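Hi there,

Here is the structure I promised to pass on to you. Have a look at it first, and then read my notes below.

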Amino acid sequence: MNALTRDLIKLVDMTEEMMKEKEQKEGADYREKLHLMPPVGWLNDPNGLCQLNGIYHAFFQYSPFNAEGGVKMWGHYTSKDMIDWEYQGVKLYPDQPFDCHGVYSGSAFIEDDKMYVYYTGNVKLEDGDFDYINTGRESNTVLVVSEDGKTFGSKKELMRNVDYPSDLTCHVRDPKVWKDGDTYYMIQGARTKEDVGQALIFESKDKINWKFRSRVESEKTFGYMWECPDYFEVDGTKILSASVQGLEGGVWDDRNVYQSGYFMVDGNILDDYKLSEYMLWDYGFDFYAPQTMETEDGRRILIGWMQSWDNPIYPDTQRWSGMMSVPRELFIRDGRICQLPVRELDNYHINEVVYKDICIEESVQLDGVSGRTVDLMIGLKGNQYTKFRIKLACDGRRYSEIVYDREKDTVTFDRTYSGLRKDTLCTRRMKVSNRAGEIKLRILIDRYSVEIFVNDGEQVMTSLIYTPLDASGIYFESNGKTILDVKKYDIEVL
């Protein structure tokens, strides 16, 4: 351990301890119950998601000294069930010449009871003719190994800018590794000098020495950078996930600045392939840079950064920013990927409230259906209404609203009156399928966040809210007759 690492450890520990003492003294409680968030400061991309010897590991981009970001390191959580997480501290610091300006995003590969962590070491070159796109940085691919997920060996620099194809800018990053047969493959996101986004694939026989193998790109230019790429299979369907920067025009003008979505891959991604249309993982305000892992029981789990570069807002009284989404199980139904909260969440359900086939015509508050840490399941039936509204985190003056328009088959999330500051765009909308006259909604509320799963996970919409916690009412409103099934659970995580 060098002197820089020791100084960083001491400074981070002091900062986290000061925050803990301050929150205890003030009695402030701004923390989610289900969602991972930083002890203090800034969190963005989930990294190194994996399961090692039964324990789940979630690392994350962490800037503890400033809630608006800064030099990145990797914070670390562990869990036995992906719901109840324990903070383990910072595990990777920017303490080497090849990562001195940030331990950027990467992944974990598990083999022979060891965790092989690959990440991008960021170096900013600010002397001479500075050009951030082409020559202003180093994007170094780095490996570090752990046998327990808690202690790590020495870092090893594997690739530098000169090892990537010459037509690329210096934006090559976010390695994700998998194995096929006796060969290891690594995918990284890239930006060409012609501002074309694509992914690169490298191959290796020993996890250390890598050579360029091929590119993955769309038929037409699609954004200028594909961040955080991930390649995997779900129920035999090949998926390429990418967070795409630079999409403009048409539907993209009404969505986030940067998108997170996936292509279905037909053929061999190494040689002969065809990409489907790009489909979004999430239609809400706050979801970016997702990463997946495979559990030891064979499930594919996705977690995203539950915030956005568009509008990273938080209350003035809060000293941290950013959180992770609830882990989601991925599965294929009717040829499309669906997402639902991991089944382990059911073990934390308490206080069940059930209503069957009730008729809603005006504004109604149902007994027992309220709260700010709630798993709410709703079925909408009938054809005698045009719009159905659900007001969440409501105190009369402030609320967040979900609107289903039956004639247009759209679900809209509106946080105009949610109590946010600096918010300029307040609504997000997505087209949904009306299956035999019924729409199913699952709404996961966790204090300052709302995750909406439509029709058993066919589409998802995730957004933050910052309404005061005493605003806990839930109201149902219909302009016409809606037949409603409701099941509500409180969620208790000690």
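Which residues have the most contacts inside the largest nonpolar core? They are I390, I443 and F476, and that core has 56 residues. A nonpolar core here is a set of buried Ala, Val, Leu, Ile, Met, Phe, Trp, Tyr and Cys residues joined through side-chain atoms within 4.5 Å. Buried means under 20% relative accessible area, exposed means over 50%, and partly exposed is in between, with a 1.4 Å probe and protein chains only.

Before you go further, please keep in mind that this is a predicted model, where local features need pLDDT of at least 70, side-chain atom pairs count only at pLDDT 80 or more, and totals for chains, interfaces and linings use all residues. Residues are numbered from 1 along each chain as its sequence is written, and side-chain values use heavy atoms, with hydrogens and water left out.

**The cores**

Strand 25 (residues 373-394) gives the largest share of the 56-residue core, with nine residues. Strands (E, at least two residues) are DSSP runs, numbered from the N terminus. If you click on I390, you will find that it touches I378, S400, E401, I402, L441, I443, I474, Y475 and F476, leaving aside residues up to four places away in sequence. Contact means heavy atoms within 4.5 Å. There is also a second, separate core of 35 residues, and L43, L49, Y56 and I301 are included in it. As background, nonpolar side chains tend to be buried together in soluble globular proteins.

**Partners of strand 32**

Strand 32 (residues 473-491) is a good one to trace by eye. Strand 25 runs antiparallel to strand 32, and 15 bridges join them; two strands pair if DSSP finds at least two bridges between them. M377 has K487 in strand 32 as its bridge partner. Strand 23 (residues 349-360) also pairs with strand 32 in the antiparallel sense, over eight bridges, and there I350 stands opposite D490. Strand 24 (residues 363-364) is joined to strand 32 by two bridges, again antiparallel, with E477 as the bridge partner of S363.

**A sheet with the order 18-19-21-22**

Next, find the open sheet of four strands in the order 18-19-21-22, where the pairing is antiparallel. Strand 18 and strand 22 are at its edges with a single partner strand each, so one side of each has no neighbour in the sheet. From one strand to the next, the twist averages 35 degrees; the axes behind it are lines fitted to C-alpha atoms, and angles run from 0 to 180 degrees between N-to-C directions.

What does strand 18 (residues 288-294) look like in terms of burial? Six of its seven residues are buried, so strand 18 is largely enclosed by the rest of the structure. Five bridges pair strand 18 with strand 19 (residues 300-305) in the antiparallel sense, and Q291 stands opposite I303. These two strands form a hairpin with five residues between them, and G298 in the turn has a positive phi of about 90 degrees.

Strand 21 and strand 22 run antiparallel and are joined by six bridges, with L330 opposite Q339. In the loop between strand 21 (328-333) and strand 22 (336-341) you will meet D334. Its phi is near 55 degrees, a positive value in a residue other than glycine. D334 counts as exposed, at 71% relative accessibility.

**A sheet with the order 5-6-7-8**

Another open sheet of four strands has the order 5-6-7-8 and antiparallel pairing. Its edge strands are strand 5 (103-111) and strand 8 (156-159), each pairing on one side only, and the twist averages 30 degrees from one strand to the next. Three bridges join strand 7 (residues 137-146) to strand 8, and T141 has M159 as its bridge partner. D113 lies in the loop between strand 5 and strand 6 (114-124). D113 has a positive phi too, near 60 degrees, and is partly exposed at 49% relative accessible area.

**Rings and charges**

W42, Y258, Y288, W305 and W309 form one aromatic cluster; rings of Phe, Tyr and Trp (its six-membered ring) pair if their centres lie within 6.5 Å, with planes under 30 degrees apart counted as stacked, over 60 as edge-to-face and the rest as tilted. K391 lies over the face of Y399, at 4.4 Å from the ring centre. For that, NZ of Lys or CZ of Arg must be within 6 Å of the ring centre and within 35 degrees of the ring normal.

Enjoy exploring!
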